[in-house]
Structures are given as C-alpha cells and as structure tokens.
Amino acid sequence: MKEKVFVNTAIKFCIAFMCLFISMGNVRGQIISGEVASEKGGVIQNANVVAMDSLGNTIGYSFTDSKGVYKLKVIENRMPFILNVYAFNFESITRKIFKITTREDFTLKVKAIDLKEVNVKAPPVSSKGDTISYDVDFFKKAQNRVIGDVLKNIPGIDIDAKGQISYNGMAINKFYIDGDDILGGRYNLAENTIPADMVEKVQILERHQPIAVLRNVAPSISPALNLKLKTTAKFRLVGEAEIGVGTKNNFLANANTMLLKQKFKTINRIGFNSTALVYSEELIDHSLNAYLDRNNTPFSTPIYATQNLVTPEIGLSRWFTNYSGIANINTLINLAEKQVLRINIGYVPEKNKRAYSFENNYFSPNGFVKQFESQDLQNSLNTIRTNFEFEKNSEQVYVQNKLVTDFDINKAEGKLYTDRGSLLQLAKQRNNNLNNTISIIKLLGRGLIVNLRNKSGYTNNPEDDFISDNLFITGNSIPSENLQQRIKKQSYYLTNRGSITYGTKNLKPSLTLGYNIARSIFESKLNTIDINTEYVNNLSFVKSQKIITPGITYMADKFRFEATLPLTYETIRSTDKLRGNRIDTSIFKPLVNLNLTYAFKGKNTLGLNYNSSLNTSQPMDILQGSVLKNYRTLSNNDFFIVINQSRYAGLYYRYQNTLKIFFASISFDYSGTKSNSITQNDISPGGVINLKRIMLPNSIHRYSLKLDASKYIFGLKTTLKPSLVISLLKQPVFQNGSLLNGLNNSITANMSFDGKPVEFFNFNFLFTSTIVDVKTFAGQSAGKYRNYYGSGKLNLAFKPSPKFICETFQEYQFFNGNIGKSKYFMSDVKLTYLNNSRTSFNLQLINAFNNKDYTLQYLDVYASSLENYQLRPRTLFFSVKFIL
C-alpha cells in the first residue's frame with residue numbers, strides 16, 4: 001500500500017513541477033512585439049529594445065532578429081512604461097506605452113556618430129558566440145561583498161556546499177581570473193575573497209576546451225567561468241582586510257591581496273578566526289583530475305572513525321566551535337609566450353570542538369537493537385597542500401608537469417558516554433601523499449594527435465588509535481581494556497597512458513594503451529588484555545592493469561557521438577604473511593562507454609550516456625585479521641578477490657534561452673552494481689557490530705529523476721528556481737545471518753525566490769521538503785517507515801540610506817518520523833555602516849533566540865536515527881572591513 005502511496009506522491013510532485021515549469025515561461029503579463037526598421041529602408045538586426053518602468057527599472061528587454069522583429073514580455077501592473085530602442089549608428093527612440101497593443105513598430109533615423117558619443121546602458125546579459133556575459137552590478141545586492149555572493153544570484157549558476165560551480169547542470173572545467181587560471185582548480189579562495197566591486201562581468205565560456213591543441217579536433221561540452229575585472233583592479237595591488245571581535249571568545253582577522261600584472265599574477269590570503277569559518281575548504285581542488293585522484297588513490301580515507309554521523313544541514317557557525325588559520329599563496333608567472341609556472345601553497349592549522357548525542361534503532365531480524373551515545377569531541381588538524389606546475393599550452397603542443405604534495409595530521413580526543421558505560425578514545429592519523437604527473441599532447445599534422453601521460457606517486461597513511469574500553473568489543477566474556485590499534489599503510493603507484501587520434505574533421509578513430517600498477521602494504525595490530533593473532537594483519541598487495549581502448553568520435557554541427565571499448569586485463573597478487581594465504585589471479589573484462597549529444601535550435605541539448613566499469617579488491621577488502629572501525633565496530637573479511645561490475649545510463653535534456661535568462665533541465669539516471677560479495681552486519685543485543693566481507697552474489701539498483709529550472713522575471717527583478725529529485729534504491733542487506741532486500745525511496749522538492757525588486761530592498765527565500773520511505777524485511781523489525789522533513793530559509797536586506805544596510809536571516813526546520821517529531825528555529829540580525837567606499841562597520845547578533853540544541857532524524861535501510869547537536873550560544877560580533 002505504501003509503495004502505491006509513494007508512487008502517487010511522486011506522480012503528483014512531477015505534475016506540479018511540470019505545471020510550474022510551463023508557467024515559468026508564461027508569467028502573467030502580455031507580449032509586445034514589433035519591427036525595427038531604418039528610415040532609408042530595410043530592417044535593423046540586433047537592435048536593443050528595453051522596457052523600463054516609471055522609476056527607471058528595467059522590466060524587460062529583447063533584441064531584434066534577422067528580420068528586424070523583437071518580442072518581449074511585460075508585467076501588466078507596471079503600466080505605463082517606457083520602450084527605448086537603440087541601434088548602432090542610429091538615433092535612439094523612446095515611446096511611452098499606456099496600453100499594450102499587439103504591435104509596436106519603430107523607424108530609426110540614421111546617425112553617423114563617433115564611438116565616444118555612444119552611451120547606451122548595457123543589458124544585464126549578452127551573448128557573443130560561445131561567451132555569455134553577466135553584468136555584475138545588475139545582479140549584485142547591497143550586502144554582497146565578495147564575488148561568490150554574486151555568483152549565487154545569477155540564474156543558471158549553482159554553487160554546492162563544497163564550493164564547486166556548475167552552469168546549467170554541468171560543472172565548470174576552468175575558473176579564470178581575467179583570462180588566467182591562477183588557482184588551478186582551487187577556486188573557493190576566489191569566491192570568498194575577490195571583492196564584487198572589482199569585477200565587471202561574469203563570463204561563461206560554453207563548450208570550452210582549455211587545451212589549445214585540442215580545440216579544433218576534440219571540442220569539449222563543459223563550460224568554463226571567467227571573471228572580467230574592472231580596469232581599477234588591474235596592474236596594482238588590491239585587496240581587503242577584516243578584523244572582528246565578539247562575545248563568547250569569538251574573533252576574526254583576515255587579509256586578502258591580489259596583484260595582476262602582465263608577467264606576474266598572485267592571489268594570497270592570511271587569516272585566523274574562531275567563528276567557525278573553515279579555511280580548509282579553500283584548499284579543495286575541483287578539477288576533474290583531482291577528483292579522480294581522490295577516489296583512486298589507495299588508503300585515501302582513515303580506517304578508524306571517531307564519529308559516524310550525518311552532517312547537519314545547518315551552517316557550521318551554528319554548531320561547530322573552531323580555531324582556524326590559513327596562509328595561502330597562489331602565483332602565476334608567465335615565463336614566455338604560452339608558458340606559465342603555477343605555484344599554489346596552502347597551510348591550515350585548526351582546532352575544533354563539537355558536542356552531540358544520538359540514538360540508533362537498527363533493523364534486526366531479532367527486533368530493534370538500540371544504541372545510544374553522546375560525545376564531546378576535539379580535533380586538532382594541520383593541513384599542507386602544495387602544487388608546483390609548469391604548463392606550455394600552444395596550438396601545436398601541450399606540455400604539463402605537475403608536482404602535488406598533501407600532508408595532514410589529525411589528532412582527535414573524544415569523551416564518550418554510551419548505553420554500556422563511558423570511555424575515552426584517542427586517534428592520531430596522518431596522510432602523506434606525493435605525486436608527479438607529466439602530460440604531453442602533440443599535433444603532428446594532418447589530424448594526427450599523440451597524447452602521453454605518466455603519473456607516479458607515494459602515499460603513507462599511518463594511524464595510532466587508543467580506546468579506554470569497557471565494551472565487549474572483541475566478543476569475549478571479559479571486557480576489553482585499553483585497546484590500542486596501530487596501522488601502517490603505504491603504497492607506490494604508477495600510471496602510464498598513451499593514445500593516438502587520427503581522422504578527418506568529422507570522424508576520428510583513436511587507440512589508447514595504458515599500464516597501471518600499485519604496490520601496497522598493510523600492517524595492523526590491535527592489542528587488548530586478551531591478545532590474539534586474530535587481531536593482527538601483515539598484508540602485501542600488488543594490482544596491475546593493462547588496458548587497450550579503441551574508440552571513435554563522430555562530430556557534426558549539431559550531433560556528436562563518442563564510443564570507447566576498454567579491454568582491461570587485471571592481475572592481483574596478495575600475500576597474508578601471518579596466515580600463509582596467497583592470491584594470484586587475473587581478470588579480463590571488456591567494457592563499453594557511449595556518449596551521444598544532439599543540439600537543437602539555439603543551445604538546447606539532448607544527451608545520452610552509458611558507462612560500464614570494473615572495480616576489484618583493495619587491501620582493506622581481504623584483511624582476515626580484525627581492525628577497529630570505531631569504538632564498537634570490528635571488521636574482517638574472507639580472503640578472496642572482490643569484483644564489482646557497475647553500469648550507468650543517463651538521458652538528459654537541457655533548455656537554455658540566454659537573453660531571456662531561462663534555464664531548465666530534466667534527467668533520468670540508472671546506476672547498478674553487480675558484486676560477487678557483500679558485507680555481513682552482525683549486531684549484538686548490546687549494539688556491538690561485527691562487519692565481515694563474505695562471498696555472496698548480489699546487486700544494487702538505483703533510479704533517479706531530476707528536474708531543474710531557473711527563470712529571471714524582469715518585471716519583478718526576481719529569479720525563480722524550482723527543482724525536484726525522485727530517487728528509488730533497491731539494496732540488499734546481510735544482517736545477523738539473513739540476506740534481506742531493502743527499499744529506500746525519496747522525493748525532494750526545492751523552491752527558491754531570489755530578488756532585488758528595488759535598489760534598497762532584496763530578499764532570498766528557499767523552501768525544501770523531503771519524503772523518505774524505507775521498507776525492510778529484517779524479521780521482527782520488518783516494516784515500512786517514513787521520514788518527512790523540510791526547511792524554510794528567509795533572508796531580507798534593506799538599505800534605508802546610502803550609509804546603512806540592515807539584514808535579517810530566519811531559518812526553520814522540521815522533522816517528522818517514526819521516532820517522533822522535532823523542530824528548530826534560528827534568527828540572525830546584521831547591521832552594516834558604509835563609512836566610505838573603502839571602509840565598512842558590521843554588527844551581528846547570531847542565534848538571537850539563544851537556541852541550545854538541534855535535533856535531526858535520519859532513515860535508511862539499516863537504521864532509524866535521532867541525532868542531537870549542541871549549538872553555539874547567542875553571540876554579538878563586531879567587525880571592520882577595509883578595502884586596500
């Protein structure tokens with residue numbers, strides 16, 4: 001019955017969204033159209049027709065097409081309004097409209113003028129070829145201080161929680177500052193530091209291929225973003241500084257500088273704060289290669305976790321207490337024509353505290369297993385990221401040498417209070433990663449391209465974990481005391497790839513050869529008062545891959561088709577030195593990757609993707625000796641090779657009308673994984689968990705439907721952004737000896753309104769609602785469960801005078817699930833005094849109602865959870881910001 005309810009609810013959401021989608025292009029108003037012609041005969045192309053209300057606000061605009069015809073929509077309640085028509089070398093004309101008729105034609109007089117006499121207000125959005133330019137002053141709000149704030153206001157541009165930028169659903173592949181890639185993918189720094197007043201245009205470079213040698217032979221479908229700076233921001237040192245102090249030991253000191261010269265460009269930041277501003281996010285590299293490296297590097301995540309919670313969907317400043325600093329240097333040196341040296345160095349020391357409690361209700365064949373804990377957790381982290389990169393990017397050859405180092409030290413101390421007693425946990429975890437990448441792409445002539453890439457690296461990630469424990473974690477009748485776990489993880493890896501592409505303008509066959517190898521060792525020892533070799537590991541692991549990938553690409557004006565057939569031969573050799581076990585096996589698997597895109601009229605695109613992949617064992621998958629995953633979870637595995645075969649298929653349609661600022665997309669995705677093994681979860685009545693990887697064929701299937709739209713309504717000066725995501729997941733669970741199928745379905749609907757109807761007032765409203773339905777077959781706890789939660793966020797800003805800005809922020813969240821109900825309301829107030837164009841004073845009241853805690857509910861196929869976080873108290877904060 002509940003499945004029918006979920007399907008009916010999903011259908012209702014889809015119908016409602018589609019009605020809204022259709023109505024977004026039909027906001028109440030009337031279409032006015034006409035022809036713009038010359039007095040000497042003939043029509044005028046690209047004439048600018050602008051509608052303005054009595055206050056001088058733009059309420060609509062359009063351009064004439066090749067036939068001299070324009071069409072624009074105006075809101076009925078804005079009459080009377082003014083129509084202004086501009087065209088190069090013609091006198092402008094103005095007409096007051098009291099009543100909308102079906103047609104308004106214009107005839108312009110020829111005027112030969114000097115270019116210096118032209119003074120036409122530029123439209124907020126313009127398009128030239130594959131470059132779309134957004135006027136920053138048009139989309140900037142009074143309280144927006146940095147360019148990242150303005151980017152969030154621009155329709156079609158989205159910034160996720162980690163700072164990654166996407167345009168109409170596609171992640172950008174480059175972030176340029178006045179045409180230069182200074183940050184090399186670490187563009188969070190630019191979002192957070194470059195003053196909005198220094199930027200003239202935000203430019204989207206559609207179908208941008210950053211490698212010059214490939215632009216005519218392998219065009220990209222991904223966009224890039226460029227910040228076009230004002231002249232005053234160039235060729236001199238600019239920046240800003242901010243200092244602040246508040247109650248409850250809050251303080252902040254930041255300084256940012258930027259210098260852009262022809263041969264030398266640099267962006268730097270130094271700061272320290274205790275306001276929950278997390279500087280480490282500014283070191284995140286959003287480039288595709290960095291993403292692949294993070295997911296493919298052996299031992300990229302720690303074994304032992306001091307906490308295992310869902311991150312609250314509230315700002316870190318609400319619940320996160322930290323002392324954090326940063327020193328970040330980013331420099332680009334132009335060595336010669338099209339040759340640069342890029343240096344990025346970042347250091348972040350951080351100490352943070354958090355207090356929380358949670359209650360888990362695990363679905364078990366023997367009924368619910370309850371688990372409770374509360375913890376005061378402190379972390380001390382030191383992070384260093386460096387990037388030294390030489391790049392030559394000419395039309396004939398591309399050469400890159402990139403040296404990257406990552407060093408992290410994390411020390412954690414947690415005081416835990418559980419349903420079985422109290423304990424202390426200590427963890428010291430290090431991450432040392434060094435790698436070097438060499439890439440060469442050479443155009444040999446007549447369409448022949450050679451592409452070579454070599455990457456070599458080393459990782460060393462030791463851990464030292466300690467638990468003062470009175471839980472029966474080891475499964476014996478005697479409580480374990482003073483557990484100490486020491487882990488040594490090291491890996492050397494080498495990746496080589498070479499490809500040849502040759503063909504005509506439209507048809508390009510290719511052949512890629514690759515060889516990858518990774519040598520790893522894993523040693524661990526878990527010491528207890530009942531020490532046993534069961535808790536010791538000494539494993540050597542070698543994985544090598546030989547890959548031959550034939551491919552073909554066909555490109556026409558509107559159609560693009562790509563197909564590759566990776567033929568992968570993989571060898572795995574592993575030895576368990578303590579137990580004398582050995583694996584020596586080979587796997588051959590042909591894979592298929594397809595990509596098809598078709599461009600309709602304008603920039604509307606239909607796409608189809610299909611990808612298959614093969615993922616096999618990593619060292620952690622075959623450890624026979626138990627390792628401690630957290631204070632109540634042990635993990636070990638049978639000694640065999642894990643094989644996961646994954647498939648992905650996606651169909652999407654993207655609609656884009658740049659000049660009307662209307663974007664929409666719809667996508668349907670399927671992903672499935674077929675595996676030869678599964679992790680068995682054994683949960684004791686006391687909540688102790690034993691994880692074990694066993695050989696048992698199974699498969700996971702996920703289906704999702706996503707709809708997004710973004711429309712700027714000129715008459716209201718407001719952007720409307722609705723979205724809808726429907727997800728269906730079928731996932732097997734092996735728990736306490738039983739293989740169970742779990743169903744996890746969800747619907748998430750979002751609606752946001754972001755507007756600046758008048759210069760002295762702006763607003764942002766976001767509402768989110770989610771329904772989660774879970775069905776479990778876990779014996780006595782089998783059943784259907786639902787969790788319903790949502791949030792509303794409202795930000796209002798007033799500028800009653802040129803000197804003052806008043807802001808209020810209200811946030812409301814609610815949860816309604818099988819555990820119970822909870823709600824949360826938060827309010828902030830901010831007052832800004834603009835002393836002059838270079839200095840401002842800010843006074844903030846944070847958590848005005850002094851809320852003490854925040855509770856959320858979480859539901860999946862394993863458990864239903866209730867989590868409670870201690871919030872930061874009411875804070876009064878004063879700061880001064882200077883423009884340098």
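Visitor: What makes the contact between the side chains of Lys141 and Asp754 a salt bridge?

Guide: The closest N and O lie 2.9 Å apart, and a salt bridge requires a side-chain nitrogen of Lys or Arg within 4 Å of a carboxyl oxygen of Asp or Glu. The pair therefore meets the criterion. It joins distant parts of the chain, 613 residues apart: Lys141 belongs to the loop between α2 (136-139) and α3 (147-151), and Asp754 to strand β40 (residues 738-758). Helices (H or I, at least four residues) and strands (E, at least two) are DSSP runs numbered from the N terminus.

Visitor: On what basis are these values computed?

Guide: The model is predicted: local features need pLDDT of at least 70, and side-chain atom pairs count only at pLDDT 80 or more, whereas totals for chains, interfaces and linings use all residues. Residues are numbered from 1 along each chain as its sequence is written, and side-chain values use heavy atoms, with hydrogens and water left out.

Visitor: How do you know whether Glu391 and Arg342 are buried or exposed?

Guide: Buried means under 20% relative accessible area, exposed over 50%, and partly exposed in between (1.4 Å probe, protein chains only). Glu391 has 11% and Arg342 has 3%, so both count as buried. Their side chains form a salt bridge, N to O 3.7 Å, linking strand β21 (residues 369-393), which holds Glu391, with strand β20 (residues 339-362), which holds Arg342. Both residues also belong to a salt-bridge network with Lys174, Asp181 and Glu389.

Visitor: Why do Asp773 and Arg786 fall into separate accessibility classes?

Guide: Asp773, at 7%, is under the 20% limit and is therefore buried. Arg786, at 28%, lies between 20% and 50%, so Arg786 is partly exposed. Their closest N and O atoms are 2.6 Å apart, in a salt bridge. Across the whole structure, 32 salt bridges are found.

Visitor: What makes a group of residues a nonpolar core?

Guide: The term denotes a set of buried Ala, Val, Leu, Ile, Met, Phe, Trp, Tyr and Cys residues joined through side-chain atoms within 4.5 Å. The largest such core here has 44 residues, and Tyr134, Ile177, Val202 and Leu225 have the most contacts inside it. A second, separate core of 19 residues includes Ala47, Ala51, Tyr70 and Phe90.

Visitor: How do you know that β13 and β15 pair?

Guide: Two strands pair if DSSP finds at least two bridges between them. Three bridges join β13 to β15 (residues 224-229), so the requirement is met, and the two strands run parallel. Ile177 has Leu227 of β15 as its bridge partner. The strands belong to an open sheet of five strands, ordered β8-β9-β14-β15-β13, with mixed pairing.

Visitor: What makes β8 and β13 edge strands of this sheet?

Guide: β8 (125-128) and β13 (175-177) each pair on one side only.

Visitor: Why is Ser499 called buried, and which residues does it contact?

Guide: At 12% relative accessibility, Ser499 is under the limit and therefore counts as buried. Contact means heavy atoms within 4.5 Å. Neighbours within four places in sequence aside, Ser499, in strand β26 (residues 483-501), contacts Ile449, Val450, Asn451, Leu511 and Thr512.

Visitor: What classification follows for Thr553?

Guide: Thr553, in strand β28 (residues 536-555), has a relative accessible area of 17% and is therefore buried. Its contacts, again beyond four places in sequence, are Asn506, Leu507, Lys508, Phe561 and Glu562.
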